[in-house]
Every structure is written in C-alpha cells, then in structure tokens.
There are 2 protein chains.
Amino acid sequence: MDDKLMLMIPGPTPVPEQVLLAMAKHPIGHRSGDFSKVIAEVTEGLKWLHQTQNDLLILASSGTGAMEAGIINFLSSGDRVLVGTNGKFGDRWAQVCEAYSLNVTRISAEWGKPLDPEEFRTQLEADTDKQIKAVIVTHSETSAGVLNDVETINRHVKAHGALIMVDAVTSLGATTVPIDEWGLDVVASGSQKGYMLPPGLGFVAVSPKAWEAYPHANLPRFYLDLGKYRKEAAKNSHPFTPPVNMFFGLQVALKMMQKEGLENIFARHQRQMNATRAAMRALNLPLLAPDYAASPAITSVAPVGVEAEQIRSVMRKQFDIALAGGQDHLKGKIFRVGHLGFVSDRDILTALGALEATLQKLNYDFTPGAGVSAAAKVLTA
Amino acid sequence: MDDKLMLMIPGPTPVPEQVLLAMAKHPIGHRSGDFSKVIAEVTEGLKWLHQTQNDLLILASSGTGAMEAGIINFLSSGDRVLVGTNGKFGDRWAQVCEAYSLNVTRISAEWGKPLDPEEFRTQLEADTDKQIKAVIVTHSETSAGVLNDVETINRHVKAHGALIMVDAVTSLGATTVPIDEWGLDVVASGSQKGYMLPPGLGFVAVSPKAWEAYPHANLPRFYLDLGKYRKEAAKNSHPFTPPVNMFFGLQVALKMMQKEGLENIFARHQRQMNATRAAMRALNLPLLAPDYAASPAITSVAPVGVEAEQIRSVMRKQFDIALAGGQDHLKGKIFRVGHLGFVSDRDILTALGALEATLQKLNYDFTPGAGVSAAAKVLTA
C-alpha cells in the first residue's frame, strides 16, 4: 500500500509525528537570538544523551561526515592508527584514514564476530615508542549487527595513551555510551539512528585531550574543521548555515527522550533485541552475531532453507515492512531487522508476525506462532 | 508576535507550505526503489534549473560544503588558483584554498563593487605557462549584494584554459546561470536560497572537463569526494545516507519552479530587486552596490542619518520582519533585504511599508509613502 511503509531498517528509522511536524515549521534566521536558544537547548540535550560535558558539535552531514571530522581534526599525515574492522563501517573508517595518508593497521574480525580486545592490547603494548596516535572503533557495527566491546578496548587504549575515536552511529540512543566515565575522546553519530530524526545531522563529541592534539593536526579541512564549530558553539552559534528545520525536530526528539529517560530507552532496546533474537531462534533462523556481542540496534539473520532476499521482498510488498539486506559479501545472504530509535514493543510483534506469514508463504518449515510467542515471552517477562 | 516571522534575509528564505508538509512525511529507506525514483526526479529537475546536462550531485551539507567539494576534487596541492574576493564569501573560498595548500592569487574589489573582469584577463594572459589551474568566482556576493560578471570573467578563463568554479549559492534560482551555454566547470549552491527549501542540501554541477582533472587531483577527501557521488548518482543512488525528508521537499519545490518557469522566476527576482532599489532611492537610503552590478537576490543599504541596526531592531521587534545585517567590517553599517526564493510582490510592498513605519519611528527625515509608491510603480509597470 502507498504511504503505509514501516521502517525496520537501521536507518532511516521511524520518526514520531510531533518531530515531523516540528520540522514542518517555517525556518527562522540561523543568526537570530531565537535560533541561538535552539542551539543552546539541543546542545544541552545532546550532552545529556551522550553522558558528557565534552564539546558537542552538530554538523550538516551524514554520520560518515561526522566520523571523518572526528578523525581528521586530531591527526597528521603519516600518523599511525589502529582501526578495528569487522564490517562495512570499520572498513570505511580505514578508507577515510588512508584517503588522508594515515598509516593504518587494521585489527579485523569476521563480519558477525566482535573485535578481540586482546589484539588491541597486543598492538598497543608493542608500541613502546608511542607511534600509535589513535585507535578507531565502531561500537555497533551496523552491517553485521555486532556490538564491539569498546569499554575493554578503551581500557587498553588508556593504558597506552593514544586517542580513542568511536563510531557510535547506531549505538548512541540504543545502548549506554558513557563518554565521560569511559573517557572517550571522539564519538560520532548521525541523526537518522537512535535520535528518532530523519537523516541530515551529524554529531561529534570531543574531549579536552583530543583538543590538545588539534593545534598540531595538519590534515587539511574547512567544512569539517571542528575548531570552527567549537568556536561558534561557545557562542551558541554555528560556523555555516545549519539545517534549522532539523534542529526544530531535534528539539522535540530530545524532549521525548528526556521524558522516557536514558535507562528506560536502553532497557527498551535491550528488551526488543532479546525478543527479536528469541523469535529467530524459535524459528530456527540462525543469528549472525553471538549473544555476548549482539547489537541492541539491529539483528542480523542468515536464514537457511529460505532466501533472505525473498523474505525481504514479501515483507516489503505484502506487509509494507522494510527490512535491510546484507552489504558487500553478505549481500543476499542475510537480512537485518532494525529495532532502533522510535520502535515500540508492538512494532516488534508486528514485524515478527509478518515474518512468520512471509515464511509460510515461502514454504519454510517451522512451527507457526513459535516466533511471535517466543518474543512475547521476552517482552512480557 | 510569536510564529509571525517574515524572512527577508538571504537565507534561510521563506519556504512554501506544501514544501514544509512534504518534509513532514515519514522517511523511507534511502536504498529503496522508491527513493531511487525520488533521486532520479530531483536530479532531472535540478539539471533543468541549472540549465545543464552536466552531472548534478547532491550533498548533505551547507553551501560551503558544496563549494569546498567543488574546489578540492579537481585540484592538487600547490596548484595556482585565482580567487575573486569582494565580500565574505569570496574571502571564504580563498581560505578554503589556503587550507588545502593551494597557491592563491586574490583578485579583489571593495565590498559593494563588482570584480573587474579585466584584472582576471591580465593575470590569465600573463600566465603563458598555464600555471593557473582554476579561477574561482562568487556570482552573487551575498555579503555585499553584488552580482559579479561571471559571463565576461568566464570568457577570459576559456581563452586561457583553466577551470572555472562558481559559487552560485545566491544566484541559482534568482538569475540565469546557463552552465552549458557558458561552459562553467563547477557550480555550487545550497538549498536555503533560491530553491525555496530550508538549509540542509548542497548542490554541485560538474562539467566533463572538470572530471578530466579529477583522477590527478591529489587533495584528500572522503565525505566530500565527488567521485563517490557521481558513481552512485549514475545508479540513482547516494554514497552516504542522504537527508531523505529534504529530498521530499526538493521534489515539491522543483515542481513549483517548473510550473512558474525559469524566465518568470528570473523576471520576478529582477522586478523585486528593481522595486526595492527604487524604494531605497526614493527614501534617500544609499545603495551599496551600483545598478549595473546589483544582485537580484539581495539589496544592501548603507543608511545615513539613521542606524542600520536600529532599523533592523524595530523591523524585527514591531513588524516581525527579519532583515540581515552587515558582516565583518560592514557590521552595523549596512542592512540587507533578501528578495530571494519564495518571495512575492506583496512581500516587497509589505517589507517596504514596514521599513517606512520604522523610519518614522526612528525620526528619519523622508517623504512618507515615497518608498512604497516608488516600488509600486516598478512592480506594476
């Protein structure tokens, strides 16, 4: 049906009506006092969500733009960096680093497996002359549905002294990212994920330690120069013309999140992840990621006895539910269920009900009702 | 009054209700077939507006991001460039070039005066060994309200063979920018200007000649790497997550523009500029830019006998009309009236009526009614 689409992908995610309507307000001048108040308010809200007192900078960009800014403002050509790669986004940050002539060492894991913190420890301990300037890790690897153990990796980074830069694009708002408690130096994310907003804004949180590296960092930049954003943010202003209507939406989304509360938001994502995984198990659909490293934002499933792309097609065409497919070498081999942002328990039951109907249509052999009831059990526990 | 603001600044500009409501639609997946159709449609519409068959690439960025992308994808470190600077934005492009270690020669004019094409000719003719790789010019210099003679400058560039890169941020949609007819290599703009959209999208049109320089251009880039955008645009796709709701708005805005027609749109801007300038003359308020180089997007006024900032303050507080102030060294010395994008003849009369009331309140000596009637004469001619 037209206009009946339900998004269960890892971004764009569903957007609340009151956020959409806020975005439909007439724009105001970005240099006005009224807009300064909006900047001040959303910056405070973002700091709350990021659990930090660090600078919180807002870019008109995708998450990639935000992450690139986080990398290139604090490093110089030739600097050695460790990049964790266990999916498309880890690969991307390695490519960004290489585009800027950084000396990249990849620490890899198979897609679907988490990065091994011990490998980071080994590399960092071997670096006795402190050539490694930064460690770059994707927290929730969206392409595989894996949550990497940033907390442990970060402990090894802290023992070494390098900067830690985290892609929190699909973890922020879905699970705790306690920036100040852990001491994360750069944390980047994008609006179309846990923020309950459409795409269009990127966010970067920057620690004082990262700023210490800024004056010496020689990679060229202008639009992505975070020093410009910091200077203007101190005056509740913006160095360029910000997407004012997205800010209006962000204002409302942050208020909704504050009303729900951080603990409740994280518990909701955890519960919905557990319900989704329980359902897949009950349907004998293999999960790509192990329980101990499952992303609370997205569940990747590698079906056997039924084609992933056929599942996606029926779900889309008959039930108006968008699921994500696999990327790169996993294309056609997995489907991914997003449970990130403005997703209710009802949505999980809906998606799983439609998935069961789809599996019936595709003559997959399973016990009808098993998935939905397994999820219901988790959701109502 | 709350929610009664009328924008007469050079961006953000007023946005039609149907565009705002399109932006309030639920997002869809950016990798879906439905979104590919949106990309295809808006790209065709943008090519129509840009009068070009060149590649038309859409970025999640401000106009500055788009212009930086236009510069850094086709040049290498140390390349010599001529940059026209007669206002804040010309200065900015010179700074972008310097941030990327280009060898910048500025060709300057006083703010309020147009760039002299002869100075470009002299520099280009003297460059017999073709060290100048690009000439960068701001078409409508927003900070001063000046329209530079890109057509003539471009003729000198063509005789030389360098690339011409044009900031058309406040000229596109306000006056003709015949990219193919003139042979402009890179043309950048932003959504919050003539496009009748909020800020959030940047546009870059790239000629085949510019693409020839792309493989050898060694400036680092990733998010602003236009090659990635070109590759995906060929498949009606996008390399990153695009702001899908802004695309929905763009779809509607382009349809409205196509209905009005290019000639009518340009005539409207010209008429409103002429009316605004006639009014300022009738009020003895000195215009910063001469008639032969006046921007159809914005009129800058340097009042004598009354303070620019007092005018802006009364206009804002009592009449809910936002005018722009001066930037940098013109701060406090000028005010600027935007007449760009979704502005009707009625809006011009409204703004001028409020301006006269403001001048009365500030005890400025003038003939009441003179400004409005001078504008009415132009508008109804």
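Pro12(A) sits in the loop that runs between strand S1 (6-8) and helix H1 (17-23) of chain A. In this predicted model, the peptide bond leading from Gly11(A) into Pro12(A) is cis, with omega near -5 degrees. Chain B has a cis peptide bond too, joining Gly11(B) and Pro12(B), with omega about -5 degrees. Pro12(B) is again a loop residue, placed between S1 and helix H1 (17-23) of chain B. Another backbone oddity turns up at Ser101(A), which is not a glycine yet has a positive phi of about 60 degrees. Ser101(A) belongs to the loop between helix H4 (88-99) and strand S4 (103-108) of chain A. For background, most residues other than glycine have a negative phi, and most peptide bonds are trans.

As for how the chains are arranged, chain A lands on chain B after a rotation of 180 degrees with 0.0 Å of shift along the axis, at an RMSD of 0.0 Å. The two copies are therefore related as by a two-fold rotation axis. Both copies use the same surface, with 100% of the contact residues of chain A recurring in chain B.

Turning to helix packing in chain A, helix H11 (residues 262-282) and helix H13 (residues 345-361) pack at about 15 degrees, and their axes are 10 Å apart. With angles under 35 degrees counted as roughly parallel, H11(A) and H13(A) are therefore roughly parallel to each other. Their crossing is right-handed. On the H11(A) side, the contact is made by Arg271(A), Gln272(A), Ala275(A), Thr276(A), Ala279(A) and Met280(A), which meet Asp345(A), Ile348(A), Leu352(A) and Leu355(A) of H13(A). Sorted by class, this contact has 6 nonpolar, 2 polar and 2 charged residues.

H13(A) also packs against helix H14 (residues 370-379) of chain A, this time at an angle of about 165 degrees and with the axes 8 Å apart. That angle makes H13(A) roughly antiparallel to H14(A). Here, too, the crossing is right-handed. From H13(A), the residues involved are Asp345(A), Ile348(A), Leu349(A), Leu352(A), Gly353(A) and Glu356(A); across from them in H14(A) are Ala370(A), Gly371(A), Val372(A), Ala375(A), Ala376(A) and Leu379(A). The contact of H13(A) with H14(A) breaks down into 8 nonpolar, 2 polar and 2 charged residues. Asp345(A), Ile348(A) and Leu352(A) of H13(A) take part in the contact with H11(A) and turn up again in the contact with H14(A).

Over in chain B, 4 strands make up an open sheet with mixed pairing, in the order S1-S12-S13-S11. Strand S1 (6-8) and strand S11 (298-301) of chain B are the edge strands; each has a single partner strand, so one side of each has no neighbour in the sheet. On average, neighbouring strands are turned by 35 degrees against each other, direction ignored. S11(B) pairs with strand S13 (residues 335-338) of chain B in the antiparallel sense, over 4 bridges. In this pair of strands, Ile298(B) has Gly338(B) of S13(B) as its bridge partner. Helix H12 (residues 308-317) of chain B packs on the sheet, where it touches strand S12 (321-325) and S13 of chain B, and its direction makes about 160 degrees with that of S12(B). Helix H13 (residues 345-361) of chain B packs on the sheet as well, touching S1, S12 and S13 of chain B, and its direction makes about 90 degrees with that of S1(B).

Note on methods:
Residues are numbered from 1 along each chain as its sequence is written. Chains are lettered from A and ligands numbered from 1 in the order in which they are written. This is a predicted model: local features need pLDDT of at least 70, side-chain atom pairs count only at pLDDT 80 or more; totals for chains, interfaces and linings use all residues. Side-chain values use heavy atoms; hydrogens and water are left out. Axes are lines fitted to C-alpha atoms, for helices over the stretch in contact, and angles run from 0 to 180 degrees between N-to-C directions. Helices (H or I, at least four residues) and strands (E, at least two) are DSSP runs, numbered from the N terminus. Angles under 35 degrees count as roughly parallel, over 145 as roughly antiparallel, 65 to 115 as roughly perpendicular and the rest as oblique. A crossing is left-handed if the near helix is turned anticlockwise from the far one by less than a right angle, and right-handed if clockwise. Contact means heavy atoms within 4.5 Å. Ala, Val, Leu, Ile, Met, Phe, Trp, Tyr, Cys and Pro count as nonpolar, Asp, Glu, Lys and Arg as charged, and the others, Gly among them, as polar. Copies are superposed by least squares on the C-alpha atoms of residues with pLDDT of at least 70 in both. Two strands pair if DSSP finds at least two bridges between them.
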